[in-house]
Amino acid sequence: MSGKKLDKTVLIVDDSRFIRTLIKRFVTASGLTKIVEAEDGEEAIEKCTLHAPSLIFLDINMPRCDGLKTLRMLKRKLPRSKVVIVSAIGQEAVVKEAIENGAVGYITKPFGREDIIKIVGRLTSDDSPQPADKSSDRG
């Protein structure tokens with residue numbers, strides 16, 4: 001993406017600092033610069049109250065409050081936020097449940113720069129909800 005800056009807040013929720021840093025780097029490359037991080041579901045809920053993100057990258061496996069429980073709470077607080085599930089290979093049933101609970105897409109670890117850039121571009125192009133799909137299956 002070009003050097004265009006987008007005025008949307010992104011929340012990255014993952015208990016791995018490495019994964020948060022990686023997603024943040026790729027999201028920034030997409031033109032989004034308002035990025036907030038949380039390392040678990042409880043912190044994510046607190047950050048949502050303060051920052052009202054429009055796009056959320058949410059890990060499934062986290063301590064204290066798992067991704068599915070966090071997703072349900074996030075969708076109650078911020079129903080228009082677009083949530084992208086970050087999952088490991090082999091979590092298809094959990095991803096399906098997340099989509100049924102309001103997630104708009106998912107990426108599977110390991111993911112690449114282009115996976116994040118595609119999904120950010122698709123989900124920030126307008127404010128309407130998008131059909132759920134896997135970023136790396138596109139194009």
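Let me start with R64, which is found in the loop between β3 and α3. The phi angle of R64 is near 65°, a positive value in a residue other than glycine, and at 55% relative accessibility R64 counts as exposed, because the cut-off for that class is over 50%. I should say at once that what you are looking at is a predicted model, and that every value I quote is computed from it.

Why do I pick out a backbone angle of that kind? Because most residues other than glycine have a negative phi, and most peptide bonds are trans. With that in mind, there is another residue to set beside R64, namely A52, whose place is in the loop between α2 and β3. The phi of A52 is near 45°, again a positive value in a residue that is not glycine, and with a relative accessible area of 46% this alanine is partly exposed. As for the peptide bonds, the one from K109 to P110 is cis, with omega near 0°, and P110 is found in the loop that runs between β5, residues 105-109, and α5, residues 113-124.

Let me now step back to the overall layout. The protein has five helices and six strands, and if you read along the sequence, they follow the pattern β-α-β-α-β-α-β-α-β-α-β. Of the 139 residues in the protein, buried ones make up 50%. The accessible surface comes to about 6900 Å², and 52% of that surface belongs to carbon and sulfur atoms. If we take the contacts with a separation of 6 or more, 65% of them are accounted for by residues 24 or more positions apart.

A residue that shows such contacts in detail is F57, which lies in strand β3, residues 55-59. Is F57 buried or exposed? At 0% relative accessibility, F57 counts as buried, since the limit for that class is under 20%. Leaving aside residues up to four places away in sequence, F57 touches V10, L11, I12, V13, I23, V27, V84, V86, I107, I116, I119 and V120. Taking L11 from that list, the C-alpha atoms of F57 and L11 are separated by 6.3 Å, although the two residues are 46 residues apart along the chain.

Next, the helices. Two packed helices are described by the angle between their axes and the distance between the axes. In our case, helix α2, residues 41-51, and helix α3, residues 67-77, pack at an angle of about 10°, and their axes are 10 Å apart. That makes α2 roughly parallel to α3, because angles under 35 degrees are placed in that class. On the α2 side the contact is made by G41, A44, I45, C48 and T49, while α3 contributes T70, M73, L74 and K77. Sorted by class, this contact has five nonpolar, three polar and one charged residues.

Finally, I would like to look just past α3, at S81, which is found in the loop between α3 and β4, the strand of residues 82-88. At 6% relative accessibility, S81 counts as buried. Again not counting residues up to four places away in sequence, S81 touches P53, S54, I56 and K75. For P53 we can be specific about the atoms, since a polar atom of the S81 side chain lies 2.5 Å from the backbone oxygen of P53.

Conventions. Residues are numbered from 1 along each chain as its sequence is written. This is a predicted model: local features need pLDDT of at least 70, side-chain atom pairs count only at pLDDT 80 or more; totals for chains, interfaces and linings use all residues. Side-chain values use heavy atoms; hydrogens and water are left out. Axes are lines fitted to C-alpha atoms, for helices over the stretch in contact, and angles run from 0 to 180 degrees between N-to-C directions. Helices (H or I, at least four residues) and strands (E, at least two) are DSSP runs, numbered from the N terminus. Angles under 35 degrees count as roughly parallel, over 145 as roughly antiparallel, 65 to 115 as roughly perpendicular and the rest as oblique. Contact means heavy atoms within 4.5 Å. Ala, Val, Leu, Ile, Met, Phe, Trp, Tyr, Cys and Pro count as nonpolar, Asp, Glu, Lys and Arg as charged, and the others, Gly among them, as polar. Buried means under 20% relative accessible area, exposed over 50%, partly exposed in between (1.4 Å probe, protein chains only). A polar contact is a pair of N or O atoms within 3.5 Å; within protein, one must be able to donate a hydrogen and the other to accept it, and residues adjacent in sequence count only if both atoms are side-chain atoms. Accessible areas come from the Shrake-Rupley method with a 1.4 Å probe; for residues, only the protein chains shown count as cover.
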